[in-house]
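Me: Please take a close look at a single strand, after a brief account of its setting. A connected answer would be preferred to a list.

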Amino acid sequence: MQIAIASGKGGTGKTLLSTCIIKVLADKNAVLMDADVEEPNANLAFLQPISATTTVYRPVPQILPEYCTYCGLCAEICEFNALVVLADKVMVFPELCHSCGACSYLCPYAAIDEIEHPIGVIEETPLQTSGTLLTGRLNIGEAQSPPLIKAVKNEQLSAAIRLVDCPPGTTCPMIEAIRDSDYCLLVTEPTPFGTHDLELSLEAVKMLGMQGGLVINRWQGNDGELLDLSERWGFPILARIPFSAELARAYMQGLDPFAAMPALRGIISDILHRIKEVSA
Amino acid sequence: MKEILFISGKGGTGKTSLTSSFIALADNCIACDYDVDASNLPILLKPNNIVGHDFSSGYSACIDEEICTSCGLCKEVCRFEAINEDYQIIPLHCEGCGFCARICPVEAIKMNPRPSGHWFRSEFKPGQFLFFADLRPGEENSGKLVAQVKTQARQKALTDNVSLIIADGPPGIGCAVISSMVETDLIVLVTEPSLSGFHDLKRVYALIQLRGIKSVLIINKWDLNPETSQTIEDWATAQGVCVAGKIPFSTTIADCIATARIPATQPQIRNFIFPVWENILQQL
């Protein structure tokens with residue numbers, strides 16, 4: 001089973017929830033994938049040593065000057081302006097390339113090879129009794145995160161429980177991260193920002209036809225407009241994590257959230273029960 | 001004309017609360033929200049006279065089933081798994097590269113312009129403009145939409161002779177952030193004293209270094225974790241980054257956000273935010 005933990009707004013508690021879920025599961029066959037590859041934070045909740053680091057590449061064009069006639073077809077084909085053909089030179093901009101392969105395939109002179117361009121790494125961290133953490137970490141300056149997100153999600157496909165800590169937002173990186181999940185947990189907070197961004201993410205999850213539910217973080221005794229959103233979109237409120245200055249402080253310092261809020265363990269178990277019920 | 005951009009790497013550190021406050025404190029400025037995934041600045045600035053424009057970016061493939069012979073070549077070359085078993089395009093997965101359309105032997109595939117969002121011009125005070133946008137869920141090219149918002153804002157600043165643009169940036173370090181940094185004069189980094197806040201700050205700072213843009217730092221909610229706050233301050237000093245201010249956790253700010261008001265409109269908040277704003281302007 002694959003569960004995505006997402007939110008439109010950043011800083012609502014996605015990583016807190018993901019890391020707490022894997023701790024409560026305490027399953028050796030569980031894997032948590034940190035797909036927020038621009039700013040991965042899940043490892044900060046464990047501070048365990050990384051056992052292996054793998055570089056992730058994607059193919060980008062390389063011009064073979066001995067065959068190139070500077071005809072300009074590749075630049076015309078490329079929809080992403082990743083190639084510029086001058087009189088005696090072709091400039092390649094790997095950061096603009098989407099790795100579609102069209103230029104290399106369609107070059108009439110077979111003058112374009114594809115070479116591997118590193119975009120980031122996947123770090124594997126064993127969590128002892130809780131399974132494995134896989135962290136995707138995008139290289140700084142790299143613009144496109146989806147290929148790395150895809151690579152992270154291609155790891156450990158046979159794990160019994162796969163959790164995906166998603167990037168914030170509602171556009172392509174978030175979609176790539178939640179894609180193919182059995183359930184999507186949307187974490188939100190009871191503020192106008194939280195409500196606004198939740199509605200956008202509901203639209204995204206609904207578009208994929210995925211089942212999901214809401215978790216209200218920093219709850220202060222009142223669902224406000226979130227209740228209405230939940231009913232309108234048919235996404236049940238699975239849990240409310242009360243606002244707690246102690247929990248906030250513990251999280252900031254990387255301390256055990258369950259020590260700061262003992263009730264949190266029960267809240268997380270309930271969420272897992274609810275998900276199992278719905279997906280059964 | 002100068003442009004100040006607020007970014008943080010990590011989401012939820014208080015960028016929008018602070019950006020909106022500085023917009024309120026500036027005498028005259030053009031405001032921008034570059035978080036085109038989930039723009040929150042309009043929630044606080046509550047603009048009027050909103051004029052929307054369609055934004056189209058790139059293309060999406062479309063297979064004409066009357067012409068298609070199901071030869072499978074398109075599906076074979078597509079690297080985005082955007083063509084399903086029935087030879088239909090899955091728009092969410094299609095990146096618009098056009099490889100399929102070029103290779104189809106019977107020319108059954110057309111590339112159609114792809115409507116991917118909207119950008120808006122609006123007025124948050126008489127004669128003061130806010131530019132923002134929304135990208136449709138699932139779309140890509142957020143960097144291009146950010147560039148569109150930026151171009152419009154800069155044009156308006158030139159025509160109206162406004163000397164300052166204040167922009168709220170997106171989270172992360174990817175395409176939207178890279179695009180929002182273009183032509184920016186000063187970046188204000190907003191962080192919080194958490195392990196993740198500091199971690200993300202260092203990554204976004206490394207990106208700023210690559211672009212060679214000047215930056216200053218604000219530590220928000222510093223008193224929630226004075227120890228890490230001090231570590232961040234020491235780090236900033238070592239990097240030569242000016243700490244423009246440290247803002248304490250405040251229930252008044254939280255109440256403002258809960259009721260969609262700009263924090264600096266409250267006198268007690270204004271009192272401690274104003275010196276921070278003066279420090280930022282001094283660095284500009």
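Reply:
**Setting and a strand of chain A**

In chain B, the C-alpha centres of domain 1 and domain 2 lie 41 Å apart. The model is a predicted one. According to the domain assignment of chain B, domain 1 comprises residues 2-56 + 126-283, and domain 2 comprises residues 65-107.

Chain A meets chain B through 48 residues of its own, which are in contact with 50 residues of chain B. On the chain A side, helices H3 (102-106), H5 (172-178), H6 (192-207) and H8 (245-253) each give two or more residues. The largest share, eight residues, comes from H6(A). By class, this side of chain A holds 22 nonpolar, 19 polar and seven charged residues.

The strand chosen for the close look is E2 of chain A, residues 30-34. Five of its five residues are buried, so E2(A) is largely enclosed by the rest of the structure. The burial extends to both faces of E2(A): A:Ala30, A:Leu32 and A:Asp34 are buried on one side, and A:Val31 and A:Met33 are buried on the other.

E2(A) also pairs with other strands of chain A. With strand E8 (residues 161-165) of chain A, E2(A) runs parallel and is joined by five bridges. Within this pairing, A:Asp34, one of the buried residues, stands opposite A:Asp165 in E8(A). With strand E7 (residues 132-138) of chain A, the pairing is likewise in the parallel sense, over four bridges. Here A:Met33, buried on the other face from A:Asp34, has A:Leu134 of E7(A) as its bridge partner.

Note on methods
Residues numbered from 1 in each chain as written. Chains lettered and ligands numbered in written order. Predicted model: local features only at pLDDT ≥ 70, side-chain atom pairs only at ≥ 80, totals over all residues. Domains from an automatic or database assignment. Contact = placed C-beta atoms within 7 Å. Nonpolar A, V, L, I, M, F, W, Y, C, P; charged D, E, K, R; others polar. Buried ≥ 20, exposed ≤ 12 C-beta atoms within 10 Å, placed from the backbone. Pairing = 2+ DSSP bridges.
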